[in-house]
Amino acid sequence: MKKVIIVGGGISGLTAGIVLQRSGFETHIYEKNPIAGGELTGWKREGIYIDNCIDWLTNSKADDSEMYALWKDIGMLGDNVKMCPKNKFFSYTADGKTVTFWRDLERTRKEMLEISPEDKENIDKFCDTVKIAEVFTVPANKPMDKFGPKELKKFWPFLKGMGAVGKAYQGMSLQDLGDSFKSPIIGKAFTMMHPANTQAFSFIVSYATITSGSGDIPVGGSLAAAMRIVDRYKEVGGTLHLNSPIKRLVVSGNQASGILLEDGNEINADYVIVATDANHAFTKLLPAEYMPKKMKAVFDDKEHYTTFSKFHAIYLIDAKVGMPEDTSFWKCDGPTIGRTKMNAFGTLCYDYDPSTYPTEDQTLVQVKVIQYLEDCKEWLELAAKDKDAYDERRKEYADKLMAEIVKHYPEAEGKIRCLDTWTPATYASRCNSYNGSYMSFVADKNSKTVTTPGVIKQLRNVFLAGQWNMGSGGLPPAAVQGKFAAWRICKKEGVPCK
Ligand SMILES: Cc1cc2nc3c(=O)[nH]c(=O)nc-3n(C[C@H](O)[C@H](O)[C@H](O)COP(=O)(O)OP(=O)(O)OC[C@H]3O[C@@H](n4cnc5c(N)ncnc54)[C@H](O)[C@@H]3O)c2cc1C
């Protein structure tokens with residue numbers, strides 16, 4: 001039985017492990033943290049569950065898609081996993097009007113037309129394009145660079161649909177999309193959820209996931225999902241080594257003999273899969289010159305590819321204050337967080353998942369503020385140099401955000417308290433994430449999202465997994481990249497990939 005070491009127990013590493021175990025390999029996952037799951041996670045403060053990942057899960061609909069089958073295989077979803085319906089993507093309220101990106105696309109169209117009949121042409125173009133984008137799915141059986149005529153035929157509707165969406169909004173950012181509307185409220189709504197330089201294409205595809213009913217959230221949230229996947233890995237015989245940071249791969253000639261752990265132990269294997277952040281992989285685990293050319297081009301092109309992260313604060317209110325469930329933004333003259341002067345404020349209220357709720361007369365709400373690259377770097381520096389100043393800044397921002405909630409929901413006065421805050425530095429220290437980013441690169445409107453094949457030219461038995469190999473990242477890319485690394489090893493060994 002061939003032995004495979006997997007560096008990193010995020011969803012990508014776990015997926016690779018499950019597929020390889022099923023395909024007859026002996027696998028060992030080495031994870032630096034005391035818990036697996038990586039960025040798919042949650043934790044408790046004062047006994048209250050805090051979720052920190054799934055806002056929507058692409059291909060969550062129980063259908064015959066390859067991605068849904070993979071979600072089932074790894075235990076993310078399944079017949080025994082109940083779902084919270086994602087009723088809206090998000091809403092934005094300003095000057096007494098609300099734009100909501102509903103699951104029901106026709107309701108969105110109707111409400112937008114009521115707000116701004118003069119934008120009819122643009123509203124129709126947007127809604128019609130979202131409808132086309134509902135064919136979106138993530139191919140999950142085989143890497144796309146290995147597609148033959150059979151796969152091309154199978155995915156033709158998807159490829160055609162994506163081509164049409166790309167053509168309709170080619171060269172447009174979310175800012176451009178927003179600016180193309182006469183209504184300032186509709187225009188502004190587009191820039192609430194994602195960085196304004198994100199391609200309009202990405203937004204349309206994400207929203208289409210929800211309108212097609214394929215972006216629901218598993219009940220119990222991200223931590224429960226991660227633990228189901230860990231359980232599945234163990235059920236199929238995998239070995240998970242927690243608290244086991246890896247220092248580097250041990251390389252000689254054109255192959256790796258195994259890994260060197262931070263504690264000095266060296267472990268041998270026939271294959272190694274690196275399922276960590278890509279920057280960490282090629283600054284710490286492997287020589288920088290082994291980074292695949294395509295990936296390096298993206299890292300080097302700072303003009304067109306960037307990363308972002310968020311400052312997060314979570315609050316418990318000892319009352320129901322009329323806060324809508326899920327994500328809602330409102331126009332405000334808000335505080336400055338990092339370099340962002342907030343002119344809109346967003347809340348993520350977890351009422352949609354009562355299973356994770358403290359009590360039914362309380363409100364659990366998270367506030368996330370986008371932090372662009374300069375802010376992220378500052379957080380990382382502050383956390384490394386001056387822990388007290390870092391903690392003070394977290395508190396200062398948490399207080400400012402809390403004041404804004406109370407301004408909007410005066411009934412929360414005296415009943416609200418902050419449970420926790422976390423920053424880009426949290427992602428960097430916890431998951432070794434590049435610039436504290438929990439997604440991969442944002443490609444601007446003049447560039448393309450890039451997928452790298454997960455192979456290292458100089459090393460014949462090392463494969464790359466993880467979200468950084470595929471587009472702008474997220475759970476489906478991370479999971480399929482784990483599957484594809486396993487697929488390549490199965491192919492090399494001439495065994496079916498299960
Ligand atoms: C707030 C938030 C919201 C999100 N919302 C969504 C969403 O709605 N939908 C969606 O699809 N995605 C979402 N994501 C993104 C999603 O969580 C990530 O894309 C995905 O979890 C990345 O998985 P991964 O396995 O590639 O990487 P990671 O999760 O980063 O896993 C890598 C693992 O490697 C470990 N590691 C790193 N270095 C070493 C080392 N030297 N030795 C041993 N172990 C190491 C890390 O600790 C980590 O566990 C969200 C993420 C966050 C944080």
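**Turns, cores and aromatic pairs in a predicted model**

Glu46 is placed in the loop that runs between strand S3 (42–45) and strand S4 (48–51). In this predicted model, the phi angle of Glu46 is near 50°, a positive value in a residue that is not glycine. Glu46 is exposed, its relative accessible area being 54%, where the cut-off for an exposed residue is over 50%. A corresponding description can be given for Asp95, whose place is in the loop between strand S6 (88–94) and strand S7 (97–102). Although Asp95 is not a glycine, its phi is positive, at about 50°, and with a relative accessible area of 59% Asp95 is likewise exposed.

The overall form of the chain may be considered next. The secondary structure of the protein chain amounts to 16 helices and 24 strands, and its C-alpha atoms fill a box of roughly 65 × 55 × 45 Å when taken along the principal axes. For 498 residues a compact globule would be expected to have a radius of gyration near 23 Å, and the value of 22 Å found for the protein chain agrees with this. Of the contacts in the protein chain with a separation of 6 or more, 72% are between residues 24 or more positions apart. Buried residues account for 59% of the 498 residues, while the accessible surface of the protein chain comes to about 20500 Å², with 52% of it belonging to carbon and sulfur atoms.

In soluble globular proteins, nonpolar side chains tend to be buried together. In the present model the largest nonpolar core has 92 residues, and those with the most contacts inside it are Ile11, Trp71, Met76, Ile273, Tyr315, Leu401 and Ile405. Helix H16 (residues 475–493) supplies the largest share of this core, namely nine residues. The same core draws at least three residues from each of domain 1 (3–80 + 218–304 + 450–493) and domain 3 (308–436). When its neighbours within four places in sequence are left aside, Tyr315 is in contact with a set of residues that includes Thr363, Leu364, Val365, Val367, Ala398, Leu401, Met402 and Ile405, and also Ile416, Arg417, Cys418 and Leu419. A second core, separate from the one just described, has 40 residues, among them Phe126, Phe158, Met172 and Phe329.

Aromatic side chains were examined in terms of their pairing. The structure holds 37 aromatic pairs. One of them is formed by Phe101 and Phe203, an edge-to-face pair with 5.3 Å from centre to centre and 75° between the planes. This pair links distant parts of the chain, since Phe101 lies in strand S7 and Phe203 in helix H9 (residues 200–211), 102 residues apart. Both Phe101 and Phe203 are buried. The rings of Phe126 and Phe203 have centres 6.3 Å apart and planes at 40°, so this pair is tilted. Because Phe126 belongs to helix H4 (residues 120–133) and Phe203 to helix H9, the pair ties together parts that are 77 residues apart in sequence. Phe126 is buried, with a relative accessible area of 0%, and for Phe203, also buried, the relative accessible area is 0%. Phe101, Phe126 and Phe203 belong to one aromatic cluster, which is formed together with Trp56, Phe89, Phe90, Phe181, Phe190, Tyr207 and Phe329.

Terms used:
Residues are numbered from 1 along each chain as its sequence is written. This is a predicted model: local features need pLDDT of at least 70, side-chain atom pairs count only at pLDDT 80 or more; totals for chains, interfaces and linings use all residues. Side-chain values use heavy atoms; hydrogens and water are left out. A nonpolar core is a set of buried Ala, Val, Leu, Ile, Met, Phe, Trp, Tyr and Cys residues joined through side-chain atoms within 4.5 Å. Buried means under 20% relative accessible area, exposed over 50%, partly exposed in between (1.4 Å probe, protein chains only). Helices (H or I, at least four residues) and strands (E, at least two) are DSSP runs, numbered from the N terminus. Domain bounds come from an automatic or database domain assignment. Contact means heavy atoms within 4.5 Å. The radius of gyration is taken over C-alpha atoms; the globule rule is 2.2 Å times the number of residues to the power 0.38. Accessible areas come from the Shrake-Rupley method with a 1.4 Å probe; for residues, only the protein chains shown count as cover. Rings of Phe, Tyr and Trp (its six-membered ring) pair if their centres lie within 6.5 Å; planes under 30 degrees apart count as stacked, over 60 as edge-to-face and the rest as tilted.
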